[in-house]
Amino acid sequence: MSAKDEEKVTLWKRVQSFFEKQREAFKQHTEDEKENGWDRIKALFDVSEGPREEIQHIPSVVCYTSAFAFLLGGQFGKRIADDHYRRHNQLTVYQSAMHAQRQYQASVALGFAKYGGRWGWRAGVFSGIYSFLLVACEVYRNKDDALNYLATGASTGALYNIFSGWRKMLVGVLVGGGLSLPVGLIAQIGSAVLPEEYKPKKVQQQFDNKSEWEQRLEVTSTFIEAMEKELNEDNNSQNDKR
């Protein structure tokens, strides 16, 4: 065979190898897409190795949002209590200036705690539902786009007003979806502009976690095989002594 024929064979093998790799990659991608979205949702609740990374931020979001809403609502409650106290206690007779000051401070503190607690727990529930549904939508669809934010906002608005009638549920759907859509568009544009700074890290981390898990399985299986071998040797030695 001449050098020219060998070069043709080598080139054909390269082309054939390239198409085989493309076919294998397409097959792998197809098998990955066959995975049901509900299976990925169920995997979120698998805490055998601790909480999943996707939902670890939800408690922090709920706590921070509740604290911020508590302080904000407390400020409004303090103003309302102050106005109410001044309008309804103009003719009240107090024992002393200290007594009047204590009554005023108690009324303002009560208004702060009342409105702050009301705003805080509502904001915490809303942020918790929104954060979880957003993660669930991203995991189920296996995509990160503005549609997830739109669906999450509409669903959260409906669930938040589920006991207030269908009219308030409809208003919650419109308001939640309308406010979430611009946020989703901004997030999608941001991820499209700077994809290389975040996506490779996530992929690499998933690969590292998978490799670490495979190494653990390999070490465990090796340890079990060694134990079985040692037990068989002990049994054989005992049988030989008998």
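Here is a short chat about a helix pair and a pocket in this predicted model.

Q: How do the axes of α4 and α5 cross, and how close do they come?
A: The axes of α4, residues 97-141, and α5, residues 146-160, come within 9 Å and cross at roughly 140 degrees.

Q: So what do we call that, oblique or roughly antiparallel?
A: Oblique, because only angles over 145 degrees count as roughly antiparallel.

Q: And is the crossing left-handed or right-handed?
A: Right-handed, as α4 passes α5.

Q: Cool, which residues make the contact?
A: On α4, they include R122, F126, I129, Y130 and R141. On α5, L147, N148, Y149, T152 and Y160 are among them.

Q: What's the mix by class there?
A: The contact of α4 with α5 has eleven nonpolar, five polar and three charged residues.

Q: Switching topic: what volume does the second largest pocket have?
A: About 220 Å³.

Q: Which helices supply at least two residues each of its lining?
A: That would be α4, α5 and α6, the last one spanning 166-193. The largest share, six residues, comes from α6.

Q: Can you name the residues, I mean, which ones line that pocket?
A: The lining of the second largest pocket is F126, Y130, G153, G157, Y160, N161, G172, V175, G176, L179, S180 and V183. Among these, F126 and Y130 of α4 and G153 and Y160 of α5 also belong to the contact between those helices.

Q: How many charged residues are in that lining?
A: There are no charged residues in the lining of the second largest pocket; by class, the lining has six nonpolar and six polar residues.

Technical notes: Residues are numbered from 1 along each chain as its sequence is written. This is a predicted model: local features need pLDDT of at least 70, side-chain atom pairs count only at pLDDT 80 or more; totals for chains, interfaces and linings use all residues. Side-chain values use heavy atoms; hydrogens and water are left out. Axes are lines fitted to C-alpha atoms, for helices over the stretch in contact, and angles run from 0 to 180 degrees between N-to-C directions. Helices (H or I, at least four residues) and strands (E, at least two) are DSSP runs, numbered from the N terminus. Angles under 35 degrees count as roughly parallel, over 145 as roughly antiparallel, 65 to 115 as roughly perpendicular and the rest as oblique. A crossing is left-handed if the near helix is turned anticlockwise from the far one by less than a right angle, and right-handed if clockwise. Contact means heavy atoms within 4.5 Å. Ala, Val, Leu, Ile, Met, Phe, Trp, Tyr, Cys and Pro count as nonpolar, Asp, Glu, Lys and Arg as charged, and the others, Gly among them, as polar. On a 1 Å grid over the protein atoms alone, a cavity is a set of points where a 1.4 Å probe fits but cannot get out, and a pocket is an open set with protein on both sides within 12 Å along at least five of seven lines; lining residues have an atom within 4 Å of a point. Grid points are joined across faces, edges and corners, and a volume is the space filled by probe spheres set on the points.
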